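Dear colleague,

Please find below the structure that I am handing over to you. A short account of what was found in it follows.

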Amino acid sequence: QTHLAIATPKGFEPNSAVVRKSSKHTTIEVTTDPKLAVKDADVVMTDSFVSIHDSDAKSKKFLPTFQVNESLMNKAKDNVIFMHCLPAHRGEEVTAGVIDGPQSVVWDDAENRLHAQKGILTWCLT
């Protein structure tokens, strides 16, 4: 069975009903400790701390504890990969050393999304 660990500050937890429903298919752990969440992880993924519509003040609740940096990545498995849905804010949710490093697959992931979106456009236009 798969295992999903979510690390987030208090007040930013995922919807409990969604977690409960999803728990039928996978083990889900919600924690406020990113080190615990990445322990033995195969994949570490993050997103931007703030949406384009939110204030940057919200990101202060995430830094520096929830930033994906080299130290945090070292707590995961040796062959861990890093993912981000982009666009990323280097120095905020992820350091340049991680997103541009050898464990990063963000550009491969972005390319996969490009092909999926081209398929949707083709379907819409035919």
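**Overall organisation**

Counted from the N terminus, the elements of the protein follow the order β-α-β-α-β-α-β-α-α. Please bear in mind throughout that this is a predicted model. In total there are five helices and four strands.

The protein has 126 residues, and 29% of them count as buried. Along the principal axes, the C-alpha atoms occupy a box of roughly 50 × 35 × 35 Å. The accessible surface amounts to about 8600 Å², and carbon and sulfur atoms contribute 56% of that area. As for charge, there are 14 positive and 16 negative side chains, with the centres of the two sets 7 Å apart. Among contacts with a separation of 6 or more, 64% are made by residues 24 or more positions apart.

**Strands β3 and β4**

Strand β3 covers residues 43-46, and strand β4 covers residues 81-84. The two strands run parallel and are joined by four bridges. Within this pairing, V44 of β3 has F82 of β4 opposite.

Which side chains of β3 are buried? Those of V44 and T46 are, and they point to one face of the strand. V43 and M45 point to the other face and are not buried.

**The loop leading into β3**

Helix α2 spans residues 34-38, and the loop between α2 and β3 contains A41. D40 is found in this loop as well. The two residues may be described in turn.

D40 has a phi near 65°, which is a positive value in a residue other than glycine. Its relative accessible area is 47%, so D40 is partly exposed.

A41 has a relative accessibility of 11% and therefore counts as buried, the cut-off being under 20%. Apart from neighbours within four places in sequence, A41 touches A76, K77 and V80. Q67 is 26 residues away from A41 in sequence, and their C-alpha atoms are 16 Å apart in space.

**From β2 towards α2**

T31 belongs to strand β2, which comprises residues 27-31. Is T31 buried or exposed? It is buried, because its relative accessibility is 12%. A polar atom of the T31 side chain lies 3.0 Å from the backbone nitrogen of D33. Once neighbours within four places in sequence are set aside, the contacts of T31 are with I6, A7, T8, L36 and A37.

T32 lies in the loop between β2 and α2. With a relative accessibility of 40%, T32 counts as partly exposed. Its contacts, again leaving aside neighbours within four places in sequence, are T8, P9, K10 and F66. T8 is thus in contact with T31 and also with T32. F12 and T32 are separated by 20 residues in sequence and by 9.6 Å in space, C-alpha to C-alpha.

**Cis peptide bonds and the loops after β3 and β4**

Where are the cis peptide bonds to be found? One joins L63 and P64, with omega at about -5°. P64 is located in the loop between β3 and α3, a helix of residues 70-73. Another runs from L86 to P87, with omega near 0°. P87 is located in the loop between β4 and α4, a helix of residues 96-99.

L86 lies in that loop between β4 and α4 too. Its phi is near 65°, a positive value in a residue other than glycine. L86 therefore deserves a look in the display for its backbone as well as for the cis bond to P87.P87 also takes part in a contact with the loop that follows β3. S48 is found in the loop between β3 and α3, and its side chain reaches the backbone oxygen of P87 at 3.1 Å. Beyond neighbours within four places in sequence, S48 is in contact with H84, P87, H89 and E93.

With kind regards

Conventions:
Residues are numbered from 1 along each chain as its sequence is written. This is a predicted model: local features need pLDDT of at least 70, side-chain atom pairs count only at pLDDT 80 or more; totals for chains, interfaces and linings use all residues. Side-chain values use heavy atoms; hydrogens and water are left out. Buried means under 20% relative accessible area, exposed over 50%, partly exposed in between (1.4 Å probe, protein chains only). Contact means heavy atoms within 4.5 Å. Accessible areas come from the Shrake-Rupley method with a 1.4 Å probe; for residues, only the protein chains shown count as cover. Lys and Arg count as positive and Asp and Glu as negative; His and the chain ends are not counted. The place of a charge is taken as NZ of Lys, CZ of Arg, CG of Asp or CD of Glu. Two strands pair if DSSP finds at least two bridges between them. A polar contact is a pair of N or O atoms within 3.5 Å; within protein, one must be able to donate a hydrogen and the other to accept it, and residues adjacent in sequence count only if both atoms are side-chain atoms.
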